[in-house]
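Here is a short report on how two chains meet, and on one helix in detail. Keep the structure open while reading.

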Amino acid sequence: MFGTFMLQHADKTVRRPHYAVRGGLGPVLELRGVSKAFGSLVALAEIDLKIMPGERCAILGANGAGKTTLFNAISGDFPISSGEVRLLGQDVTSLPTHDRVRRGLRRTYQISQLFGGLSVRENMYLACRGILGRRFSVLHPKASDVALKASEDLLHAVKLYDQGDALVATLSHGQQRQLEIGLALAHNPNLILFDEPAAGLSPAERGDLIAILQSLPKQIAFVLIEHDMDVALRVADRVIMMHNGEIFKEGLPEDIEKDAAVQELYLGTHHG
Amino acid sequence: MSDASSKLMDQLHTQVGVKHAALGITLLIYPLVASDFFTFQIGGYSLILGTIALSLMMLVGYGGIVSLAQLSVAGLAGYLVAILGENTSGVHGFGWPWWVVVPTAIAAATFFSGIIGAVAARTDGIYTIMITLAISVVFFYFTRQNYEIFNGFTGFSGIKPPVIFGVDLIAPVPFYYLCLAVAASCYFAVLYGKRSTFGLAFQGVRDNARRMEALGFSPFLHRVFAHVLAGVVAGMAGVLLVWFGGRISPGTVGINVTIDILVIAVVGGIIHPIGPFVGALVFVLLETFAIDFIVPERFNTLIGLVFLTIIFFSPNGLVGIWDRICESITPNKKGEGV
């Protein structure tokens, strides 16, 4: 079921923004010396990072290592102190979040950020509308509307079609997490940042989540923050270990799993 | 009845609904049975105040933006009608025809509202209230102290609504119908707008502005555009307000009236666009008849007590009470009316 939701019709009917097809073989995301300081606290120190198209990358690290701060820096939730953020080869450091999103970036949040007063279908519609333009239309969307159709497909993909008319506030935690991820899948992104997507999910729901992540179209790159090693190591091609705002180690999942320094640092702080 | 007309009735039924039809008919025949006083002073005035409060309801109900500057927006439109059209104060009164004056006044009010939006849209909650209150206060004192444009303390009087196609709009019944037409258009536009793309996005901004950013929206521009739309509504009401009173002065846009608009919207209920009109009717009835029961100086005490009582029992105002009644009994009859 998850393997088939690639929004095929969207590719045919929707003209993609010109900048989305650019980039070619270069990295989809490039960070050059990105630093962020909150007063005297250095949350990110000179981070250099490249994510290639279709690459799947997991970020590990203890609480306070700077993982979510890194996401906020990439998405533009706050300005960085120094350095450069490049999406598809273009410098987006000074662009607001919504401009970066229109260039193919998506993200989810550790704590679900949904629209509680709207229905599930309306949440999904907004996600598709935001990328596709005509955001200021004062008319109701037509039944044939591209964004409306795309949102129906996405509802199927994240198994929320039957809850379409329910208010978001009435959904279970697991369903809210599904919607949280669904919102980030709108209209073929280039890069998705998943911030602890498995937080608070049951083992069965974790299985569903892994299936969703594994079934994402190959051209979509993603970066995942996850404490659950089982989830992280099963979906990632590359693992980055963060510590005190720096990239401490990076490598293949199996190497990182065995690395003694990583084990001490990560498991030590977590279970110690 | 032909097939087409019954189909049309069906469509009307689903689109407009029984409650709206019953309320609409009541409002249409109201001036035929009511006295001139009730038609003009109660009916017309309630519709005008309700429309100003509706422009606030749009912002609060759908966007969580409490703007205390809506009366200033309406007031600017009213002032422009006096300045660009005719008045008997001997100051300004360019004598432009109404079909130039009215669109100009509404356009200026819309622009003014957009500017207010741009200033206030980067703030939230109490700070938005403070900024818009400050704008409202500044506008009040500016009109009072500026004689070049606003004729200071005196303001303008002798402003008359036009005669259109031989219908003198100063007469109570035509004026009532004009107010009803404007109020109903704005009401249905706001009702329809709730499920429009912009309406949904605006509610999204209310619920979670940060996530809207992350979905490709600019919450700032959405807030500004909402102010622009609210400015159209308030501007139209402002034109009616100056025609209704025949005069406009700083007192028309004073802080106490600003608070009245807020009270009207909240007492009526900000969850549905009918709320401001219900609130306005209650307010106008109290303002008109309370004098029979209490001394005028105690009017604000009475309004305050009614306000507190309603909000204490129903945070969603009179519309909230109406909803609860509807839930407990079968909702087959309309009971609210303006």
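In this predicted model, 33 residues of chain A and 25 residues of chain B make up the contact. Together the two chains bury about 2600 Å². Carbon and sulfur atoms carry 59% of that area. On the chain A side, the greatest losses of area to chain B fall on A:Phe115, A:Phe136 and A:His140. Those residues together account for 24% of what that side buries.

Polar links also join the chains. Three salt bridges are counted between chain A and chain B. One of them pairs B:Arg195 with A:Glu122, with the closest N and O atoms 2.9 Å apart. There are also 15 residue pairs in polar contact between the chains, both residues at pLDDT 80 or more.

Which elements of chain A give two or more residues to the side that touches chain B? They are α4, α5 and α7 of chain A. Their residue ranges are tabulated here.

| Element of chain A | Residues |
|---|---|
| α4(A) | 97–102 |
| α5(A) | 120–132 |
| α7(A) | 173–184 |

The largest share comes from α5(A), with seven residues. Sorted by class, the side of chain A that touches chain B holds 16 nonpolar, nine polar and eight charged residues.

Next, a helix in chain B. Helix α9(B) covers residues 255–268, 14 residues in total. What end-to-end span should α9(B) have at 1.5 Å a residue? The expected value is 20 Å, and the end C-alpha atoms are 20 Å apart, so the two agree.

Many positions in this helix are buried. In α9(B), the buried residues are B:Val257, B:Thr258, B:Asp260, B:Ile261, B:Val263, B:Ile264, B:Ala265, B:Val267 and B:Gly268. An α-helix has 3.6 residues a turn, so residues three or four places apart point the same way. What covers the buried residues of α9(B)? The cover includes α2 (36–63), α3 (70–84) and α5 (125–145) of chain B. It also includes α10 (275–289), α11 (299–313) and α12 (317–328) of chain B. Just after α9(B) comes B:Gly269, with a positive phi near 120 degrees.

Finally, chain A as a whole. Its secondary structure comes to eleven helices and ten strands. Of the 272 residues in chain A, 56% are buried. Among contacts in chain A with a separation of 6 or more, 69% link residues 24 or more positions apart.

Note on methods:
Residues are numbered from 1 along each chain as its sequence is written. Chains are lettered from A and ligands numbered from 1 in the order in which they are written. This is a predicted model: local features need pLDDT of at least 70, side-chain atom pairs count only at pLDDT 80 or more; totals for chains, interfaces and linings use all residues. Side-chain values use heavy atoms; hydrogens and water are left out. Contact means heavy atoms within 4.5 Å. Buried area is the accessible area (1.4 Å probe) that two parts lose on being put together, summed over both. A salt bridge is a side-chain nitrogen of Lys or Arg within 4 Å of a carboxyl oxygen of Asp or Glu. A polar contact is a pair of N or O atoms within 3.5 Å; within protein, one must be able to donate a hydrogen and the other to accept it, and residues adjacent in sequence count only if both atoms are side-chain atoms. Helices (H or I, at least four residues) and strands (E, at least two) are DSSP runs, numbered from the N terminus. Ala, Val, Leu, Ile, Met, Phe, Trp, Tyr, Cys and Pro count as nonpolar, Asp, Glu, Lys and Arg as charged, and the others, Gly among them, as polar. The expected span of a helix is 1.5 Å times one less than its number of residues. Buried means under 20% relative accessible area, exposed over 50%, partly exposed in between (1.4 Å probe, protein chains only).
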